[in-house]
Amino acid sequence: MKRCILLFAVAASTMLASTPLSAAGDPGKGEQLHRACLGCHGTELYVPPRAKVKTLSALRKAVAEWNDRMNPKFTKREIDDLVAYLDRDFYHLAR
Ligand code: HEC
């Protein structure tokens, strides 16, 4: 019985850890990092009518794809920060 409770606790915490929260990144840091992205476009792409991204996972994907063009590239952690910044100031997808 004790073992059962333990397994449940492990499963529950794994589920919590894998929930895609925008809070995973630091939006303040992302805002600074984002200056490096402004060479090609401004923030007008992130708002209607231009914005195409509609979900948090699509936003993460777009940032990761554009990161391939960056030199030096951002780390996973910095991508989280960028996503958190874009969501806080423009997309508002994580609630
Ligand atoms: C080489 C030029 C270039 C660089 C560098 C670049 N972007 Fe972009 N980005 C674009 C273009 C062009 C589009 C528009 C593509 C389209 O309309 O389908 C775009 C689209 C996007 C979108 C999707 C907007 C939407 O909702 O439709 C996001 C998000 C984005 N960029 C974020 C970033 C971030 C974050 C960085 C820095 C890591 C970055 N970009 C660097 C050229 C660039």
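Where does H92 lie? H92 is found in the segment after α4. This is a predicted model, and H92 is one of the places in it that call for a closer look. To reach that point with some context, it helps to begin with the overall fold.

The protein has four helices and zero strands. Read from the N terminus, the order of its elements is α-α-α-α. The protein has 95 residues, and 17% of them are buried. Among contacts with a separation of 6 or more, 76% join residues 24 or more positions apart.

The pairing of α3 and α4 can be taken next. Two packed helices are described by the angle between their axes and the distance between the axes. The axes of α3 and α4 come within 10 Å and cross at roughly 125°. That angle makes α3 oblique to α4. The crossing of these two helices is right-handed. On the α3 side, the residues that take part are L56, L59, R60, V63, A64 and N67. They meet I79, L82, V83, L86, D87 and Y91 in α4. By class, the residues of this contact are nine nonpolar, one polar and two charged. An α-helix has 3.6 residues a turn, so residues three or four places apart point the same way. That spacing can be followed in α3 from L56 to L59 or R60, and on to V63.

Within α4, the buried residues are E78, D80, D81, L82, V83, A84, Y85, L86 and D87. The buried residues of this helix pack against α2 and α3. L86, placed in helix α4, can serve as an example. L86 counts as buried because it has 29 C-beta neighbours inside 10 Å, and 20 or more are enough for that label. Leaving aside neighbours within four places in sequence, L86 is in contact with Y46, L59 and Y91. L86 and Y46 are 40 residues apart along the chain, yet their C-alpha atoms are separated by 7.7 Å.

Y46 also has a part in the surroundings of F90, another residue of helix α4. F90 is partly exposed, because 17 other C-beta atoms lie within 10 Å. Its contacts, apart from neighbours within four places in sequence, are with T43, Y46 and V47. F90 and Y46 are 44 residues apart in sequence, and the distance between their C-alpha atoms is 6.0 Å.

H34 gives a further link to α4 from elsewhere in the chain. H34 sits in the loop between α2, which spans 27-33, and α3. With 18 other C-beta atoms within 10 Å, H34 is partly exposed. Not counting residues up to four places away in sequence, H34 touches L82 and Y85. The C-alpha atoms of H34 and Y85 are 8.4 Å apart in space, although the two residues are 51 apart in sequence.

The model also holds a ligand. How many residues surround the ligand? There are 20, and the closest are C37, C40, K52, V53 and W66. Two elements, α3 (56-67) and α4 (76-91), give two or more residues each to this shell. With five residues, α3 gives the most. Sorted by class, the shell has 14 nonpolar, four polar and two charged residues.

Some details of the backbone remain. Most residues other than glycine have a negative phi, and most peptide bonds are trans. Where does the model have cis peptide bonds? One runs from P48 to P49, with omega near 0°. P49 belongs to the loop between α2 and α3. Another cis bond joins N71 and P72, where omega is about 0°. P72 is in the loop between α3 and α4.

This leads back to H92. H92 is not a glycine, but it has a positive phi of about 55°. The position of H92 is just after α4. Is H92 buried or exposed? H92 is exposed, because 10 other C-beta atoms lie within 10 Å of its own. L86, in contrast, is buried.

Terms used: Residues numbered from 1 in each chain as written. Predicted model: local features only at pLDDT ≥ 70, side-chain atom pairs only at ≥ 80, totals over all residues. Near = placed C-beta within 6 Å. Nonpolar A, V, L, I, M, F, W, Y, C, P; charged D, E, K, R; others polar. Buried ≥ 20, exposed ≤ 12 C-beta atoms within 10 Å, placed from the backbone. Contact = placed C-beta atoms within 7 Å. Axes fitted to C-alpha atoms, helices over the stretch in contact; angles between N-to-C directions. Parallel < 35°, antiparallel > 145°, perpendicular 65-115°, else oblique. Left-handed = near helix turned anticlockwise from the far one by under 90°.
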